[in-house]
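I am opening a notebook on this structure and will go through a few of its helices, strands and backbone turns in order. The entries follow the order in which I looked things up.

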Amino acid sequence: MRSMVRILVNGYGTIGKRVADAVSLQKDFELVGIAKTKPDFEAKIAIEKGYSIFCSIDKNIELFKKEGLDVGKLEKAFNEADVIIDCTPDGIAAQNKILYQKMKKKAIFEGGEEADIGVSFVAQCNYDKAINAPYIRVVSCNTTGLCRTLGALQMAGVEKVSATLIRRAADQNDIKTGPINALVPDVEIPSHHAEDVQTVLPINNIMTIAVKASTTLMHVHSLAVELKEKQAEDAIIDIFKNTTRIRLVKAKDGIKSTAHIMELARDIGRKRGDMYEICIWEDSIKIKGNTLYYLQAVHQESNVVPENIDAVRAMFELDSREESIKKTNKSLGII
């Protein structure tokens, strides 16, 4: 057990830069630095923030030096760090794990990796399962979104879940992927999200269907959840209201789209316009018989960031679930 955990963030893209910023806000963490492959604008901004940069590819160190950027070898960072948060592109982390194992370093991976890379993790749902785990996988943005709201509904008794995921095609800075003028259905049914949810929550009967849409802002999930007993809509609203990292929004208040949610995030002063919470349209919550229907939005760039922070505390047994979530929420401005 440590009072201060030293962390290296390996990969400084969409998730990595946000995780590094979140790590730097924690009083019980020390950011050893970040690992990058090339001296782009993100590297230059990281230097301005005071972050130490370590080059992932030795032969590229000269490229950094030509740009006037002082960088170290990644091996040095590994020696200094207690844990690596691996935010590298999908598939690379699986290769990196072999290196981490050789160096006897703990590591946290992101949701693009296979489930067997480590303990699948969503803080609100299975924090205790990750205590002292050497390897943790923070599940994907979509799976995190499903787990947070379905986990909250566990107290009402979840019998069956049917979810349709309308997925953003690419992140906002991604100009290389995604449909330009198309909807792309995932013809594998159920989509991989159903099985992924089951690595976190004990939900036996879940069906997920996914479609990519021409947007970069957020994902939207349409859920039908069969409950053990009929519940009042007000009771469901109260459950969501009293669950951390879930935010209720209303179309009648003018929040009619994912664009409006992103504007809300900016208006409340969130860095980069991030929305860490899963936003449920309160107007959409309906009960028919024993089945609950609702719509939720997931900000794919940021909702897993607090999970990475809580995963470190679980891994080193620094705090209970409740205390860790409280600390993380406070540091990120999550009410």
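**Entry 1, a strand pair.** Before looking at the strands I noted the rule I would use: two strands pair if DSSP finds at least two bridges between them. The model I am reading is a predicted one, and in it I looked up strand 13 (residues 246-249), which pairs with strand 14 (residues 278-281) in the parallel sense over 4 bridges. Within this pair I found Leu248 standing opposite Ile280 of strand 14.

I then asked which residues of strand 13 lie on each of its faces. In a regular strand the side chains alternate between the two faces of the sheet. Here I found Ile246 and Leu248 on one side and Arg247 and Val249 on the other, all of them buried, and I wrote down that both faces of strand 13 are covered.

**Entry 2, the approach to strand 13.** Stepping back along the chain, I came to Arg245, which sits in the loop between helix 9 and strand 13. Its phi is positive, about 65°, although Arg245 is not a glycine. I set this beside the general pattern, in which most residues other than glycine have a negative phi. Is Arg245 buried or exposed? With a relative accessible area of 0%, Arg245 is buried, because that value falls under the 20% cut-off.

**Entry 3, a second positive phi.** I noted Lys104 as well, which is not a glycine either and has a positive phi of about 55°. Lys104 belongs to the loop between helix 5 (92-102) and strand 6 (106-109). Its relative accessible area is 76%, and since the cut-off for exposed is over 50%, I recorded Lys104 as exposed.

**Entry 4, a cis bond.** In the loop between strand 10 (184-185) and helix 8 (192-198) I looked up Pro190. The peptide bond that leads from Ile189 to Pro190 is cis, with omega near 0°, and I kept in mind that most peptide bonds are trans.

**Entry 5, helix 7 against helix 9.** I next turned to helix 7 (residues 141-153) and helix 9 (residues 233-241), whose axes come within 9 Å and cross at roughly 125°. That angle makes helix 7 oblique to helix 9, and I noted the crossing as right-handed. On the helix 7 side I listed Thr149, Ala152 and Leu153, which meet Ile236, Ile239 and Phe240 of helix 9. Sorted by class, the residues of this contact are 5 nonpolar and 1 polar, with no charged residue.

**Entry 6, helix 11 and its neighbour.** My last look was at helix 11 (residues 305-315), where 11 of the 11 residues are buried, so I described this helix as largely enclosed by the rest of the structure. The buried residues include Glu307, Asp310 and Arg313, as well as Ile309, Val312 and Met315. After helix 11 comes Glu317, with a positive phi near 50°.

Helix 11 packs against helix 12 (residues 321-332) at an angle of about 140°, with the two axes 10 Å apart. I therefore entered helix 11 as oblique to helix 12, and the crossing between them as right-handed. For helix 11 I listed Val305, Pro306, Ile309, Asp310 and Arg313 in the contact, and for helix 12 Ser324, Ile325, Lys327, Thr328 and Leu332. By class, this contact of helix 11 with helix 12 holds 5 nonpolar, 2 polar and 3 charged residues.

Methods: Residues numbered from 1 in each chain as written. Predicted model: local features only at pLDDT ≥ 70, side-chain atom pairs only at ≥ 80, totals over all residues. Heavy atoms only, no water. Axes fitted to C-alpha atoms, helices over the stretch in contact; angles between N-to-C directions. Helix = DSSP H or I, 4+ residues; strand = E, 2+ residues; numbered from the N terminus. Parallel < 35°, antiparallel > 145°, perpendicular 65-115°, else oblique. Left-handed = near helix turned anticlockwise from the far one by under 90°. Contact = heavy atoms within 4.5 Å. Nonpolar A, V, L, I, M, F, W, Y, C, P; charged D, E, K, R; others polar. Buried < 20%, exposed > 50% of the residue type's maximum accessible area, 1.4 Å probe, protein only.
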